[in-house]
Amino acid sequence: MIHHAAPSAPSTTSEAFLSEAAALLGPRGLTTDPDRMDAWLTDWRGRYTGRALALASPATTAEVAALVRLCAAHCVPIVPQGGNSGMAGGATPDASGTALLLSLRRMDAIRALDTEAGQVLCEAGVILQHLHEAAEAAGMRFPLTLGGKGSATIGGLVSTNAGGTQVLRHGTMRAQVLGLEAVLANGDVLDTLTPLKKDNRGFDLKQLLIGSEGTLGIVTAATLRLLPAPIGRATAWVGLGGIVEARALLRQME
């Protein structure tokens with residue numbers, strides 16, 4: 001039999017933190033209501049369930065930065081979360097109830113889409129399917145897709161370096177990212193959104209953040225590459241004798 005510990009009352013320090021966080025984010029940006037938090041405390045497969053001090057939903061990068069500074073001042077751990085569609089439990093808080101669950105879902109704006117440059121600048125909470133639709137409406141396409149596109153967010157895809165169903169043709173999320181905006185652990189904002197083709201000004205810090213799953217910083221926006229929409233599409237069922245033949249066919253199709 002598994003015995004679950006009863007939720008503990010917030011400490012004086014926690015109450016002070018929650019009061020300051022509520023003043024910072026407003027009623028839409030912070031909740032401790034169990035009914036509103038419940039759906040986000042269990043992972044997509046239902047294998048992991050945790051507890052959280054509160055659910056924060058900042059609407060801007062400035063709010064994320066201020067919230068991270070506040071968490072640092074009160075020693076409150078943060079669990080960033082996108083669409084909660086991951087399958088490894090990385091976006092689920094532990095059972096202690098001391099962590100702040102930080103959702104990026106309210107940051108869902110596509111700030112700019114440039115068809116001539118083949119680039120789109122979108123916030124971390126943009127759902128992948130919505131990005132596909134925006135690109136298609138402009139005669140372009142975003143080459144990464146996966147089964148959970150209706151809930152997966154750009155921030156989550158960047159943070160996990162997602163691959164998707166077309167990874168052999170177009171690469172992982174790392175290959176799609178041209179620039180990043182992220183909030184670091186001390187609340188500083190790293191802005192590398194400018195997608196310079198040649199940028200030799202030292203370290204390419206965005207490469208450290210891609211795939212780091214929120215451990216080095218919280219992704220708040222990304223500049224991504226777009227491709228022209230395909231003129232046509234064909235599907236074929238091909239029988240091959242082995243892996244050597246499959247690789248040869250793949251090379252030929254490229």
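# A walk through the chain

Start with the whole chain on screen: of the contacts with a separation of 6 or more, 64% are between residues 24 or more positions apart. This is a predicted model, so keep that in mind as you click around. Still zoomed out, switch to a cartoon view and you should find eight helices and eleven strands. Align the view to the principal axes, and the C-alpha atoms fill a box of roughly 65 × 50 × 35 Å. Turn on the surface next: its accessible area comes to about 14,300 Å², and 55% of that belongs to carbon and sulfur atoms. Color by burial if you like; of the 254 residues in the chain, 39% are buried.

**Stop 1: helix α4**

Select residues 128–137, which is helix α4. Which residues of α4 are buried? Show Leu128, Leu131, His132 and Ala135 as sticks, and you have them. Look down the axis of α4: these residues sit on the same side of the helix, because they cover an arc of only 100° around that axis.

Now bring in what that buried set packs against. Add strands β5 (110–114), β6 (119–123) and β7 (140–141) to the selection, then helix α5 (154–160) and strand β10 (218–225). Hold on to β5 and β6, as both come back at the salt-bridge stop.

Before leaving, step just past the end of α4 to glycine 139, where phi is positive, at about 80°.

**Stop 2: histidine 132**

Stay in α4 and center on histidine 132. Is histidine 132 buried or exposed? With a relative accessible area of 15%, histidine 132 is buried, because the cut-off for that label is under 20%.

What does the side chain of histidine 132 have within reach? Draw a distance from the polar atoms of that side chain to the backbone oxygen of leucine 144, and one of them comes out at 2.9 Å. Leucine 144 also turns up in the contact list: leaving aside residues up to four places away in sequence, histidine 132 touches Phe142, Leu144, Thr145 and Lys149. Show those four as sticks too.

**Stop 3: the salt bridges**

How many salt bridges does the structure hold? There are three. Select arginine 111 and glutamate 123 to see one of them, with the closest N and O atoms 3.3 Å apart. That pair links distant parts of the chain, since glutamate 123 is in strand β6 and arginine 111 in strand β5, twelve residues apart.

Keep arginine 111 selected and add glutamate 181. This is another salt bridge, and here the closest N and O atoms are 3.3 Å apart. Arginine 111 lies in strand β5 and glutamate 181 in strand β8 (residues 177–183), so this bridge ties together parts that are 70 residues apart in sequence.

Check the accessibilities while you are here. Glutamate 123 is buried, at 12% relative accessible area, and glutamate 181 is buried as well, at 8%. Arginine 111 counts as partly exposed, at 36%.

For the remaining pair, jump to lysine 206 and aspartate 204, where the closest N and O atoms are 3.0 Å apart. Lysine 206 is buried at 12% relative accessible area, while aspartate 204, at 41%, counts as partly exposed. Go back to the earlier trio for one last look: salt bridges that share partners join Arg111, Glu123 and Glu181 into one network.

**Stop 4: a nonpolar patch**

Turn the surface back on and select Phe203, Leu205, Leu208 and Leu216. Together they make a nonpolar surface patch of about 460 Å². Of these, pick phenylalanine 203, which lies in the loop between β9 (189–191) and α7 (206–209). Is phenylalanine 203 buried or exposed? Exposed, with a relative accessible area of 79%.

**Stop 5: two backbone oddities**

Where do residues other than glycine take a positive phi? One of them is glutamate 213, with phi near 55°. To find glutamate 213, go to the loop between α7 and β10.

Then select asparagine 161, which has a positive phi of about 50° although it is not a glycine. Asparagine 161 is in the loop between α5 and α6 (167–170). Helix α5 should ring a bell from the first stop, as one of the elements that the buried residues of α4 pack against.

Terms used
Residues numbered from 1 in each chain as written. Heavy atoms only, no water. Patch = residues over 30% accessible without salt bridge, like charges linked within 9 Å, V, L, I, M, F, W, Y side chains within 5 Å. Areas by Shrake-Rupley, 256 points an atom, 1.4 Å probe, with all protein chains shown as cover. Salt bridge = Lys/Arg side-chain N within 4 Å of Asp/Glu carboxyl O. Helix = DSSP H or I, 4+ residues; strand = E, 2+ residues; numbered from the N terminus. Buried < 20%, exposed > 50% of the residue type's maximum accessible area, 1.4 Å probe, protein only. Polar contact = N/O pair within 3.5 Å; in protein donor to acceptor, adjacent residues only side chain to side chain. Contact = heavy atoms within 4.5 Å. Arc of directions from axis to C-beta.
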